Amino acid sequence: MTYLNDLNDQQREAVLTSEGPVLILAGAGSGKTKTVTQKIAYLIQERGVSPYHILAFTFTNKAAQEMKDRVEALLGQSVQGMWIGTFHSICVRILRRYHDCLGYDGNFSIYDRSDQLRAVKETLKDLNLSKDLFKERSVLGAIGTFKNQGIGPEACLDPTSSNFYDEKIAQIYKRYEEKLKENNAMDFDDLLLKVVDLLNREEDIRTYYQFHFNYFFVDEYQDTNPIQYQLIKLLCPPKPNLTVVGDNDQSIYAWRGADISNILNFEKDFPEAKVILLEQNYRSSQNILNLANKVIAHNSNRKDKKLWTDLEEGKKVEYREYSHSQEENKDVVNLIIQRRNKGYAFSDMAILYRTNAQSRGFEEYLMMEGIPYKVVGGLKFYDRKEVKDLLAYLSLLSNGKDDLALARIINTPKRGIGEATLGQVQAYGQEIGQSIYEVMEGLEENDQLKIRAQKKISKFVDLIHLLREKAKTKSIPDLMETVLFETGYLKDLQEEDTIESRNRIENLEELVSAAKTYEEEHPEDSLEDFLSSLSLMSDVDKTEDKEEGVQLMTVHGAKGLEFPVVFLVGMEERVFPSGRSLDEDEDNLEEERRLCYVAITRAKKELYISSARNRVQYGKTVANLPSRFIDEMGEDLERVKTYSSYRMEKSPSLEVKSYPTSPKVSLTGDYKQKPKEDPAYHSESKKDIHVGAKVRHKKWGLGMVVSLKDKGKDQEVVVSFEGKGLKKLLLSYAPLEVVSK
DNA sequence: GCCCTCTTGTTCGAT
DNA sequence: ACAAGAGGGC
């Protein structure tokens with residue numbers, strides 16, 4: 001194997017240690033993927049291992065694809081049959097095969113976060129719990145935490161120290177699980193949980209897989225959670241040929257249950273484990289690495305590890321402080337143009353930020369300059385209403401028990417079947433153990449349930465029947481078009497004929513063509529396969545890399561990627577590190593610091609860091625100090641004066657006030673105007689309004705003013721009307737006249 | 001049941 | 001700033 005010569009000593013050792021457990025502690029840019037792919041190629045070519053017996057977990061589908069491609073390139077042959085994918089997609093594969101043992105149908109739906117929130121919401125309604133007391137998000141967070149640790153609804157309550165809230169959470173968890181089961185649906189966590197459950201319970205299946213797979217790989221091991229760890233343990237025989245790769249300094253998913261002790265305890269879990277350290281970095285210049293090392297050294301809970309490189313020192317990392325985020329937006333775009341003129345392609349550059357909402361300002365200026373760019377994640381295509389609607393139709397066609405999907409589209413387009421009707425049917429279905437759609441199907445022959453909208457429901461059932469028939473013969477993209485046509489969905493949008501509706505039609509067309517592409521690539525796959533692969537795609541998976549353009553993404557999204565030029569923006573206290581991490585404990589801050597380390601180590605040649613004193617957030621301007629991470633970088637940072645930093649030095653207090661806070665750019669050219677106040681409403685008599693005054697309202701008749709208070713430019717007046725009760729009105733708009741003082 | 005308007009929460013990150 | 005949800009009128 002001549003290619004082994006490309007490897008350094010540690011990498012080669014990792015490749016050649018083919019038997020037994022191996023932990024590869026791989027620093028950022030240390031050739032981790034290269035090592036793993038060479039190891040797989042080595043196993044197949046030199047050790048005669050069949051790809052069928054290799055199981056590899058990656059973090060994204062894209063990473064899986066890349067690994068597969070690289071192995072094939074090394075071998076010059078296809079490695080079809082190798083099990084490589086994310087934890088979730090591999091679990092789906094197992095579940096589609098053994099769903100029977102879990103009491104699920106093979107066409108189960110997969111619920112994403114927004115589906116989960118809807119399910120929690122319904123659960124709260126079922127249990128009659130106030131959603132002021134039980135916030136959907138925190139309930140879901142609690143359930144997720146249990147699931148990530150493999151704790152079921154029965155086990156989640158500690159009987160010795162439970163309180164009202166914990167008991168209710170346990171109840172909600174239980175009902176939520178039942179609901180998903182009734183809908184023949186699983187959420188993301190379930191995909192792992194159910195497989196663990198299956199393997200725990202069914203010895204045959206466990207033994208089958210333990211014998212089937214001989215070599216195991218886990219990428220990004222520092223980000224595995226307890227349930228993933230259990231899964232690995234269950235699939236592996238006692239002395240596994242298990243190679244895990246990770247970097248404890250890049251653990252950035254504690255918030256979704258990742259347990260850093262998985263990597264720290266690997267040697268304890270597998271006593272014969274060999275640990276190999278990859279510290280030589282092939283990606284970044286020395287200056288960039290120094291900065292990364294310096295920042296991460298401030299963390300206490302870590303294994304010391306220092307990246308070094310043979311590469312040149314490179315350009316110093318630059319830091320710019322702006323007075324306002326808009327200025328940052330603009331200047332970064334200027335820098336991008338400069339870099340481009342120096343010979344970098346736009347696609348060589350990336351803007352990395354802490355939160356998705358920060359992309360907007362950069363997009364505006366990029367667009368203005370006509371620079372191609374791509375936003376990874378954020379406002380997601382697959383989260384758009386019309387996309388979710390069409391997919392909900394497909395889910396319902398595939399899985400008739402999916403009440404959530406049905407509820408989404410039963411009245412879209414309008415069919416005159418509203419909430420009341422739906423509630424009736426659902427309640428009845430609950431009683432007799434049927435899904436909403438099943439009840440609807442049998443409604444005409446049903447004497448017990450009388451529903452006013454029965455005719456409308458029958459029409460809907462006929463429609464679904466028709467579509468199901470078509471689904472049998474048509475390809476997925478054809479089926480989509482049929483759904484859009486037969487339901488009248490497309491017609492409604494066409495008739496609406498607004499900028500928005502045209503946009504929605506375009507999105508639907510894009511979805512149809514995505515289905516076409518999928519079908520070409522996976523000609524054998526069913527509708528269920530298509531739907532699940534859509535739900536399991538990560539943001540990075542969804543972006544095609546062939547297009548040219550500046551990449552915009554969160555630091556989380558940039559994990560595992562690299563760019564010649566990186567702009568790390570918004571380095572401010574309460575932005576990065578995030579406000580919430582500062583309000584909580586030290587562990588959170590350390591995770592933010594690791595995140596910062598990840599961001600820095602994405603850069604190969606040039607890194608530009610920036611912060612803004614003032615930033616528009618939630619629609620208003622807030623002031624923040626530069627991030628503590630900037631201080632921690634110290635001398636290694638070259639502080640470049642900006643126009644505003646120069647001004648700030650001179651008169652910092654003035655500057656904050658003088659910068660215009662109103663957005664000056666509008667890309668559509670349609671500047672929003674505040675509605676002008678109509679002077680006609682300011683009749684003379686209104687000036688006499690005071691608490692206690694008798695007034696007459698056009699609609700409500702006579703009443704008395706109870707209170708009066710300023711609200712912006714307007715005044716809010718509360719009037720008690722005879723027989724009608726209290727009404728809150730805005731003085732300038734309400735058709736009121738004073739009857740007597 | 002539908003539509004309009006006002007309120008509320010979002011923005012920490014994501015399979 | 002913006003979207004989704006709630007609430008009330010029709």
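A residue counts as near a strand if one of its heavy atoms lies within 4 Å of that strand. The exercises below apply this to a predicted model.

**Exercise 1.** Describe the protein surface near DNA strand B, stating which residues come nearest and how the surface divides by residue class.

*Solution.* Begin with the residues around DNA strand B, of which there are 28, with Trp255, Arg354, Gly418, Ser538 and Arg580 coming nearest. Next, sort the residues of this surface by class, which gives 8 nonpolar, 11 polar and 9 charged. Then turn to the elements of secondary structure, among which H18 provides the largest share of the surface, 3 residues. Finally, consider the strand itself: of its atoms within 4 Å of the protein, 49% belong to sugar or phosphate, while the rest belong to bases.

**Exercise 2.** Find polar atoms of the protein that lie close enough to phosphate oxygens of DNA strand B to satisfy a cut-off of 3.5 Å for a polar contact.

*Solution.* Take the backbone first: a polar backbone atom of glycine 418 is 2.5 Å from a phosphate oxygen, and one of asparagine 356 is 2.6 Å from a phosphate oxygen. Then take the side chains, where a polar atom of threonine 421 lies 3.2 Å from a phosphate oxygen of the strand.

**Exercise 3.** Characterise the second largest pocket by its volume and its lining.

*Solution.* The space in this pocket comes to about 760 Å³. Its lining consists of 25 residues, and Glu122, Lys125, Ala407, Glu419 and Leu422 lie nearest the centre. Helices H5 (113–126), H16 (385–398), H17 (403–409) and H18 (419–432) each give two or more residues to this lining, with the largest share, 6 residues, coming from H5. By class, the lining divides into 8 nonpolar, 6 polar and 11 charged residues.

Conventions: Residues are numbered from 1 along each chain as its sequence is written. Chains are lettered from A and ligands numbered from 1 in the order in which they are written. This is a predicted model: local features need pLDDT of at least 70, side-chain atom pairs count only at pLDDT 80 or more; totals for chains, interfaces and linings use all residues. Side-chain values use heavy atoms; hydrogens and water are left out. On a 1 Å grid over the protein atoms alone, a cavity is a set of points where a 1.4 Å probe fits but cannot get out, and a pocket is an open set with protein on both sides within 12 Å along at least five of seven lines; lining residues have an atom within 4 Å of a point. Grid points are joined across faces, edges and corners, and a volume is the space filled by probe spheres set on the points. Helices (H or I, at least four residues) and strands (E, at least two) are DSSP runs, numbered from the N terminus. Ala, Val, Leu, Ile, Met, Phe, Trp, Tyr, Cys and Pro count as nonpolar, Asp, Glu, Lys and Arg as charged, and the others, Gly among them, as polar. A polar contact is a pair of N or O atoms within 3.5 Å; within protein, one must be able to donate a hydrogen and the other to accept it, and residues adjacent in sequence count only if both atoms are side-chain atoms.
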